[in-house]
Amino acid sequence: MVDLSVDIGIPLKNPLILASGILGSSAGILKRVAEAGAGALITKSITQDPREGHENPTVIEVSEGVILNAIGLANPGVDAFIRELDALKGVRTPIIPSVAGNSEDEFATVASRFEDAGFRMVELNISCPHSLPLSTGNTIAQDPERTRAIVKTVKEVTSLRLIVKLSPNVTDIVEVAASAIDAGADAISLINTIEALEVDPWVEIPVLGNIFGGQSGPSIRCIAQRKLAEVALAMEDGKIERVPLIGVGGVRRAEDVFRFILLGADGVAIGSSILYGDIEIFSDILRGLEQMMHDKGYARPEEFRGKAISWIRTRMR
Ligand SMILES: Cc1cc2nc3c(=O)[nH]c(=O)nc-3n(C[C@H](O)[C@H](O)[C@H](O)COP(=O)(O)O)c2cc1C
């Protein structure tokens, strides 16, 4: 018998998590993802006030496995979203609201509203690469001190458990992870999208309404794995405190989930691949993961979690 349960700061029945922003804005769809077997659902990122987001087109597959988006954090605002989530009261799968904002105050206010509405854990999206119109980056997660300040503020004003979502668009992701953990992060998720740009050679202008966007999908999986490994290695080496890690980026198959766990992930989130496999991707991957673990003689994820990291460390001495 395979037991897929894991702990990401809260216990989950399995490591598969719906990544923020893909299908996470309507209660009806979140319910369907729960029914497909996901271990947890992270919602669309939510700000204090409603946001319309960027001009269309906002999401495009520019070539096989290469998805670009610049949604611009379109969302109904925290109060309306909490009313929307009311319809999920009977759902037993943990729902983790994603919180976004432009200031410490906004992060604190939105997180507090979710806490008052009964949620136990939120994800802080400090890493959206295109939240402001025409913005080319400059996210909070590119600055270890701003990261520390936001996490610390939310920790001080709530007793929520916090996942902090990091950006790959940095020179040293370990430094930012260290700040987040030092300020009280209970878990780290990585990665958000990678700064990107595509131009239509016929029309001779960029394809996204916002011009600049973030890349996701199968094309970024090895980049996500590398960033995850850097943080996991720093934890193994005792350079930063060990907290649960959630790997995100390009996961499409059970083998990919296995890869992320080998590199130290406790949870594995799936985003863009839903555009290929629909919501059934969760049940398909779960079945595949169980089969793979059974065939390889593993009963629980912790039996192989971080195995590739331990191997890498022996080579780095
Ligand atoms: C259309 C779209 C919308 C997204 N919206 C959010 C969001 O609101 N908040 C967030 O933290 N990440 C958001 N992301 C990033 C994903 O959660 C994820 O980190 C990234 O896409 C990499 O994973 P993937 O390759 O499985 O999609 C979005 C990604 C896409 C493609």
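**Two sheets, a helix pair and annotated sites**

Modeller: Pro57 sits in the loop between S4 and S5. The model is predicted, and the values below are computed from it.

Colleague: What kind of peptide bond joins Asn56 and Pro57?

Modeller: A cis bond, with omega at about -10 degrees. Most peptide bonds are trans, so a cis bond is worth a note.

Colleague: Which other residues does a cis peptide bond join?

Modeller: Leu190 and Ile191, where omega is about 20 degrees. Ile191 is placed in the loop between S10 and S11.

Colleague: What is notable about phi of Leu73?

Modeller: The angle is near 55 degrees, a positive value, and the residue is not glycine. Most residues other than glycine have a negative phi, which is why the sign is worth stating. Leu73 belongs to the loop between S6 and helix H2 (78-85).

Colleague: How do you know that strand S15 and strand S16 are joined?

Modeller: Three bridges connect S15 (residues 245-248) with S16 (residues 267-270), and the two run parallel. Pairing requires at least two bridges, so these strands count as paired. Val248 stands opposite Ala269 in S16.

Colleague: Which strands close into a barrel, and in what order?

Modeller: Eight strands do, with parallel pairing, in the order S3-S4-S7-S8-S9-S10-S15-S16. From one strand to the next, the twist averages 25 degrees.

Colleague: What makes S5 and S11 edge strands?

Modeller: They belong to an open sheet of four strands, S5-S6-S14-S11, whose pairing is antiparallel. Strand S5 (59-63) and strand S11 (194-196) each pair on one side only, and that puts them at the edges. Neighbouring strands in this sheet are turned against each other by 40 degrees on average, with direction ignored.

Colleague: How many bridges pair S6 with S14?

Modeller: Three, in the antiparallel sense, with S6 covering residues 66-69. The requirement is at least two, so this too counts as a pair. Ile67 faces Ser216 of S14.

Colleague: How does helix H6 run relative to S15?

Modeller: H6 (residues 221-236) lies across strand S10 (187-190) and S15, at about 165 degrees to S15. Angles over 145 degrees count as roughly antiparallel, so the label applies to H6 and S15.

Colleague: Why is H6 called roughly perpendicular to H10?

Modeller: H6 and helix H10 (residues 307-316) pack at an angle of about 70 degrees, and their axes are 10 Å apart. That angle makes H6 roughly perpendicular to H10, because the term covers 65 to 115 degrees.

Colleague: Which residues of H6 and H10 meet, and how do they divide?

Modeller: Ala229, Ala232, Leu233 and Glu236 in H6 meet Ile309, Ile312, Arg313 and Met316 in H10. The contact divides into six nonpolar residues, no polar ones and two charged. Glu and Arg count as charged, whereas Ala, Leu, Ile and Met count as nonpolar.

Colleague: Which residues of the UniProt "binding site" features line the largest pocket or the largest cavity?

Modeller: One "binding site" set, from an unreviewed UniProt entry, holds Lys44, Asn69, Ala70, Ile71, Gly72, Leu73, Asn125, Asn192 and Thr193. Of this set, the lining of the largest pocket takes in Lys44, Asn69, Ile71, Gly72, Leu73, Asn125, Asn192 and Thr193. To count as lining, a residue needs an atom within 4 Å of a point of the pocket. Lys44 is in strand S4 (residues 40-46).

Modeller: For "binding site", the unreviewed UniProt entry also lists residues including Ser20, Lys165, Gly217 and Ser272. From that list, the lining of the largest cavity takes in Ser20 and Lys165. Gly217 lies in the loop between strand S14 (213-216) and H6.

Conventions. Residues numbered from 1 in each chain as written. Predicted model: local features only at pLDDT ≥ 70, side-chain atom pairs only at ≥ 80, totals over all residues. Heavy atoms only, no water. Axes fitted to C-alpha atoms, helices over the stretch in contact; angles between N-to-C directions. Contact = heavy atoms within 4.5 Å. Parallel < 35°, antiparallel > 145°, perpendicular 65-115°, else oblique. UniProt positions renumbered as here; feature names shortened; annotations may be inferred. 1 Å grid on protein atoms, 1.4 Å probe; cavity = no way out; pocket = protein on both sides within 12 Å on 5 of 7 lines; lining within 4 Å.
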